[in-house]
Amino acid sequence: MELFLTLVLAPIVLTLVAMFTLRARPRSSGAKDLPPGSMGWPIMGETMEFLFGNPEKFVFDRMKKYSPHIFKTKILGEETAVICGPDGHKFLFSNEQKLFTAFRPHSMQKIFRSYQAAAPAQIARDAEAKILRSPGFLKPEALVRYLGKMDSITQQQMQRYWQGKDEVKAFPLAKTLTLTLACRFFLGTDDPERISRLLNNFDDITLGMHSIPVNFPGTIFYQANRAAAAIRRELRQVIKEKKAAMATGTAMQDILSHMIVASDPSGKYMAEAEIADKIMGLLVAGYSTVATAMTFFMKYVGERPDIYAQILAEQSEVEAAKKPGELLDWDDIQKMKYSWNVMYEVMRLTPPLQGTFREALTDFTYAGYTVPKGWKIYWTVSTTNKNPEYFAEAEKFEPSRYEEGNKFPAFTFVPFGGGPRMCPGKEYARLAILTFVHNVVKRFKWELVHPKEKINGDMMPTPEKGLPIRLKPHH
């Protein structure tokens, strides 16, 4: 039925797209010394090439054609400057909230900001960051207390979904694991039925975050909005249950509980709709990128038995020092140096998230070109990750390049960003990933079912078939 409606009413959809991309805004095309580049087609700009091609290739091709430092384009309805290379990384990181502020594409604003009826185009994420940082939830000393639970949940997932299977799909199982971990950490729940209901909708949201915001049956954005509404309903129920439990005096140690009791300087508490949207954003962040990193670990290591053998040796040493049934602790994580070097190489070759946007707070000059106030800035790690100038044999998977004594030029490898907006979940991601690596490697060796499986090249890389692997248990 949705397909029928989409085909019949396609002209209406195109009209809505045109209205979106031509909405009133200050025009800056007359400014002098704009960066080189192209604004693409009328109305759509270069959005189609950016979204439905490969974002990494999109950037590389234009760096070669226009400038390795900066170029202009028009994507997602926005006049955009793409700042490239290590000098570009440094410039962006050192000028946060001076020249730039965070910007979410309009599709993300509409999905995550339902409680703001008229959300402004410029939205900073300072509120979310403050929520995470104020009680120190994501500091290593706080995460240490959660590490044992991470290990326990990961072991349970291995027993339930991996052990006794000849073949599994790594990507769906990684997503189930990371959402379970995120729900436990952010919501204080690991109810498998509730997590299953949430999981069914999260993929639609991640696809819709960087889509054209046309809310019409059959579109990616429409599916994302439906999924967000379902998740929001589930989260509102979680919030009510949490408030009831807190009213009985039950001690709570999760981010949702903190958000419920947090107030602004005037003593006002967050509305439930606002809490639900913020929690939904945190869950997406803690779920999708971590699952992608785990999945591509399975891919790259499955292709390299030599690297697998070194990881197994390191993890076996960690396991040998543990008593039967003893969970991982902070000292164990610190011993996993080679395993983390492998993950660095995974993230270099396949970044879990291609890039993020900012908005220019004022006119500024970079590399001899002027970027007008209000333009969007697209930042991506891809402008340096595969550059042979910084990484010898850049296309080769080689974890030894991160060994002590090997140094890269500053700002060439920044998988978690930098400056004031460095990913606040970096340590959480590291613990979740290394706990997964420890548990999967000590149980199995594996091989890829489809070594040439296609990787869909959107903003979040996805194995087309879910990365099926054949498991070979050690015992």
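How much accessible surface does the chain have, and what share of that surface belongs to carbon and sulfur atoms? The accessible surface comes to about 21300 Å², and 55% of it belongs to carbon and sulfur atoms. Before I go on, please keep in mind that what we are looking at is a predicted model, and that the values I quote are computed from it.

Let me begin with the chain as a whole. There are 475 residues, of which buried residues make up 54%, and the secondary structure consists of 18 helices and 12 strands. If we take the contacts between residues at least 6 apart in sequence, 72% of them join residues that are at least 24 apart.

One example of two residues distant in sequence involves threonine 101, which lies in strand E3, residues 100-103. Threonine 101 and leucine 361 are separated by 260 residues in sequence, yet their C-alpha atoms are 6.7 Å apart in space. With a relative accessible area of 1%, threonine 101 falls under the 20% limit and is therefore buried. Its side chain also makes a polar contact of 3.0 Å with the side chain of glutamine 97.

Now to the helices, and to H11 in particular, which runs over residues 220-247. Its 28 residues, at 1.5 Å a residue, should span 40 Å, and the C-alpha atoms at its two ends are indeed 40 Å apart, so the expected and the modelled spans agree. Just after H11 comes glycine 249, with a positive phi of about 95°.

On the surface, Ile220 joins Met48, Phe52 and Leu207 in a nonpolar patch, and together these residues have about 400 Å² of accessible area. Leucine 207 belongs to helix H10, residues 192-208, and its relative accessible area of 48% makes it partly exposed, because that class lies between 20% and 50%.

Finally, I would like to turn to two loop residues. Where in the chain is alanine 367 found? Alanine 367 sits in the loop between strand E6, 364-366, and strand E7, 369-371, and it has a positive phi of about 55° although it is not a glycine. Leucine 467, in the loop between strand E11, 462-463, and strand E12, 468-473, likewise has a positive phi, near 55°, in a residue other than glycine. As for accessibility, alanine 367 is partly exposed, with a relative accessible area of 41%, whereas leucine 467, at 2%, counts as buried.

Notes. Residues are numbered from 1 along each chain as its sequence is written. This is a predicted model: local features need pLDDT of at least 70, side-chain atom pairs count only at pLDDT 80 or more; totals for chains, interfaces and linings use all residues. Side-chain values use heavy atoms; hydrogens and water are left out. Helices (H or I, at least four residues) and strands (E, at least two) are DSSP runs, numbered from the N terminus. The expected span of a helix is 1.5 Å times one less than its number of residues. Buried means under 20% relative accessible area, exposed over 50%, partly exposed in between (1.4 Å probe, protein chains only). Contact means heavy atoms within 4.5 Å. Accessible areas come from the Shrake-Rupley method with a 1.4 Å probe; for residues, only the protein chains shown count as cover. Patches are made of residues with over 30% relative accessible area and no salt bridge: like charges are joined within 9 Å, nonpolar side chains (Val, Leu, Ile, Met, Phe, Trp, Tyr) within 5 Å. A salt bridge is a side-chain nitrogen of Lys or Arg within 4 Å of a carboxyl oxygen of Asp or Glu. A polar contact is a pair of N or O atoms within 3.5 Å; within protein, one must be able to donate a hydrogen and the other to accept it, and residues adjacent in sequence count only if both atoms are side-chain atoms.
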